[in-house]
Amino acid sequence: MSIPGIRWSGVALASVWIGLCASNASAGDVRDPLSGAQLEQAWVKDLSANSKGSITTGANGLTISIEPRAYGLVKRRNEIAGTDDEPLRIGAHVWTEPGSALGPGLHLWWDADNNITATSTGDTHVYLTYRKNGVTASRPFYAAHPNAKFDGGYLRLTLTTRNVFFHCSGDGINWRELCDLDGRPGKEGQAPQRILLGRGWEGERNQTSKQELANDYYFDKSGKIVSTRYKDFFMQTSKPELPAALDFERAESWEKQETAFTSASVPRNWLLLGPR
């Protein structure tokens, strides 16, 4: 049996090779574990005035502990647009407690009519919500993070000249493509001006609504606090390094084998970044 991306070794093991050719890191690459005593200066905290919660950092990463309907974000400026020759990959690991009305995610913000939110809800599912020229759409991906309740998972958005690709991963090395947008928000060649981590809402889109998701979702003064943790943030335009092979024991059936591959974020197909 021949399966793209799978090499069977002997009678018991399979090696899965995932990745692209290695190269030196680009000067524009950023890797931030979010585990320092304080956030790096590039980040700005934005916490709802209604919240009694907090935004802190420590050995376990960035923790945003706020009420279910409150917003809490950290944000940084961005000037890199992403192209076919140098795709911009932005991602982070997300783990969250259940019970939030606002999904914790990775957000790219061009303006109020053009933005993207990749969300991990903590119940194994992930969602992609995006607005292009004022039109909003959303896509669910069920069981994309099988171990989300315990270990969370990684989210990644890749920007090319005319498209955006959404990937998830269990380990931050082996990625599985979930979808592409068949286009990208904003004007061609325009970079998302802000990259945000946290929970927020675009608001009612009236004069009282703030930009960059800095709105509570009908705050109800609940005393409950829900925590979300981020770590291993990255921005990358250089080519990713080739990861080590993954070994799998041969399962009793293809269905069980496929479950093992999915849990390890083995991609179902290779992705040609461009041109498109």
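**Salt bridges and an antiparallel sheet in a predicted model**

Glutamate 188 sits out in the open, with a relative accessible area of 58%, so it counts as exposed. The structure here is a predicted model, and this glutamate is a handy way into it. Glutamate 188 pairs up with arginine 162 in a salt bridge, where the closest N and O atoms are 3.4 Å apart. The two partners come from distant parts of the chain, 26 residues apart: arginine 162 belongs to the loop between strands E13 (153-159) and E14 (164-169), while glutamate 188 belongs to the loop between E15 (175-180) and E16. Arginine 162 has a relative accessibility of 47%, which means that it is partly exposed.

Next door in sequence is threonine 161, which is also part of the loop between E13 and E14. Leaving aside residues up to four places away in sequence, threonine 161 touches Gly82, Thr83, Asp84, Arg184 and Glu188. Glu188 thus turns up again, as a contact of threonine 161 as well as the salt-bridge partner of arginine 162. With aspartate 84 there is a polar detail to add: a polar atom in the threonine 161 side chain lies 2.9 Å from the backbone nitrogen of aspartate 84.

Zooming out for a moment, the chain has 276 residues, and 48% of them are buried. Its secondary structure amounts to 18 strands and two helices. Of the contacts with a separation of 6 or more, 67% are between residues 24 or more positions apart. The exposed area of the chain is about 13900 Å², with 49% of it supplied by carbon and sulfur atoms.

Now for the strands. Seven of them make up an open sheet with antiparallel pairing, and the order runs E4-E7-E16-E9-E10-E11-E12. At the edges are E4 (44-47) and E12 (135-141), each of which has a pairing partner on one side only. From one strand to the next, the twist averages 20°. At the E4 end, E4 and E7 (residues 72-77) run antiparallel and are joined by four bridges. Within that pairing, aspartate 46 is found opposite leucine 73 of E7.

Further into the sheet order comes E9 (residues 105-111). Six of its seven residues are buried, so the rest of the structure largely encloses this strand. E9 has pairings with both E16 and E10. With E16 (residues 194-199), the pairing is antiparallel and extends over five bridges; here glycine 105 has glycine 198 as its bridge partner. With E10 (residues 114-120), the strands again run antiparallel, this time joined by six bridges, and leucine 108 faces isoleucine 116 across the pair. E9 and E10 also make a hairpin, with two residues between them.

Just past that hairpin, glycine 122 falls in the loop between E10 and E11 (126-132). Its relative accessibility is 15%, so glycine 122 counts as buried. Setting aside residues up to four places away in sequence, glycine 122 touches Thr96, Ala148 and Lys149. The C-alpha atoms of glycine 122 and valine 94 are separated by 8.6 Å, and the two residues are 28 residues apart along the chain.

Back to charged pairs: the structure as a whole contains seven salt bridges. One of them brings together the side chains of glutamate 212 and arginine 194, at 3.3 Å from N to O. This pair, too, links distant parts of the chain, 18 residues apart, with arginine 194 in strand E16 and glutamate 212 in the loop between E16 and E17 (226-236). Glutamate 212 and arginine 194 are both buried, whereas glutamate 188 is exposed.

Another salt bridge connects the side chains of lysine 256 and glutamate 252, at 3.1 Å from N to O. Lysine 256 is partly exposed, since its relative accessibility is 47%, and glutamate 252 is exposed, with a relative accessibility of 73%. Elsewhere, salt bridges with shared partners tie Asp46, Lys75, Arg194 and Glu212 into a single network. That network leads back to the sheet: Asp46 is the residue opposite leucine 73 of E7, and Arg194 is in strand E16, the strand that pairs with E9.

Note on methods: Residues are numbered from 1 along each chain as its sequence is written. This is a predicted model: local features need pLDDT of at least 70, side-chain atom pairs count only at pLDDT 80 or more; totals for chains, interfaces and linings use all residues. Side-chain values use heavy atoms; hydrogens and water are left out. Buried means under 20% relative accessible area, exposed over 50%, partly exposed in between (1.4 Å probe, protein chains only). Two strands pair if DSSP finds at least two bridges between them. A salt bridge is a side-chain nitrogen of Lys or Arg within 4 Å of a carboxyl oxygen of Asp or Glu. Contact means heavy atoms within 4.5 Å. Accessible areas come from the Shrake-Rupley method with a 1.4 Å probe; for residues, only the protein chains shown count as cover. A polar contact is a pair of N or O atoms within 3.5 Å; within protein, one must be able to donate a hydrogen and the other to accept it, and residues adjacent in sequence count only if both atoms are side-chain atoms. Axes are lines fitted to C-alpha atoms, for helices over the stretch in contact, and angles run from 0 to 180 degrees between N-to-C directions.
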